[in-house]
Amino acid sequence: MKLVVGGTGTIGGEVLRQLSEAGVAVRALVRSEARADRLGGRADEVVVADLADPPTLRKALDGVDGVFMATPGAPDQLRLESNLVEAISG
């Protein structure tokens, strides 16, 4: 299972599409259920989690053997992305 963070965006959405077409099992991380509709059914699973809330990332990573992350630039981008890296490592 691969996890795609940023699947509602242009780049992440394309990654979801290509993985899906290649028959790869993929889980998409979204910040809210409302955003799941923007995935267009390209993910096998959807998990609600937030890079700003590290405890929510554990569920997103369960059973995952690869992660793709494409997040927009933000003042706290380093902290947000580091939270995911730490969750993967920990």
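Two strands count as paired when DSSP finds at least two bridges between them. With that in hand, hello everyone, and let's look at the sheet in this predicted model. The sheet is open, has 4 strands, and reads 3-2-1-4 in order, with parallel pairing. At the edges sit strand 3, residues 45-48, and strand 4, residues 66-69, and each of these finds a partner on one side only. If you turn the structure on your screen, you can follow the twist: neighbouring strands are rotated by 25° against each other on average, ignoring direction.

Now to one of the pairings in detail. Strand 1 covers residues 2-5, strand 2 covers residues 26-30, and the two run parallel over 4 bridges. So you can find your way there, pick Leu3: the bridge partner of Leu3 in strand 2 is Arg27. And what packs on the sheet here? Helix 1, residues 10-21, does, touching strand 1, strand 2 and strand 4. The direction of helix 1 makes about 155° with that of strand 1.

Let me step back to the whole chain. We have 4 helices and 4 strands, and from the N terminus on they go β-α-β-α-β-α-β-α. That is a pleasant pattern to trace along the chain with your finger.

Next, one residue I'd like you to click on: Asn83, which is part of helix 4, residues 77-89. Is Asn83 buried or exposed? Buried means under 20% relative accessible area, and Asn83 has 11%, so this asparagine counts as buried. Who is around it, once we set aside the neighbours within four places in sequence? Asn83 is in contact with Leu51, Ala52, Pro54 and Leu57.

A few overall values to finish. The radius of gyration of the protein chain is 12 Å, and because a compact globule of 90 residues would come out near 12 Å, the two agree. Along the principal axes, the C-alpha atoms fill a box of roughly 30 × 25 × 20 Å. Of the 90 residues, 31% count as buried. As for contacts, take those with a separation of 6 or more: 50% of them join residues 24 or more positions apart. Finally, the accessible surface of the chain comes to about 5,200 Å², and carbon and sulfur atoms hold 52% of that.

That's my tour, thank you for listening, and I'm happy to go back to any view you'd like.

Conventions: Residues numbered from 1 in each chain as written. Predicted model: local features only at pLDDT ≥ 70, side-chain atom pairs only at ≥ 80, totals over all residues. Heavy atoms only, no water. Axes fitted to C-alpha atoms, helices over the stretch in contact; angles between N-to-C directions. Contact = heavy atoms within 4.5 Å. Buried < 20%, exposed > 50% of the residue type's maximum accessible area, 1.4 Å probe, protein only. Rg over C-alpha atoms; globule rule 2.2 N^0.38 Å. Areas by Shrake-Rupley, 256 points an atom, 1.4 Å probe, with all protein chains shown as cover.
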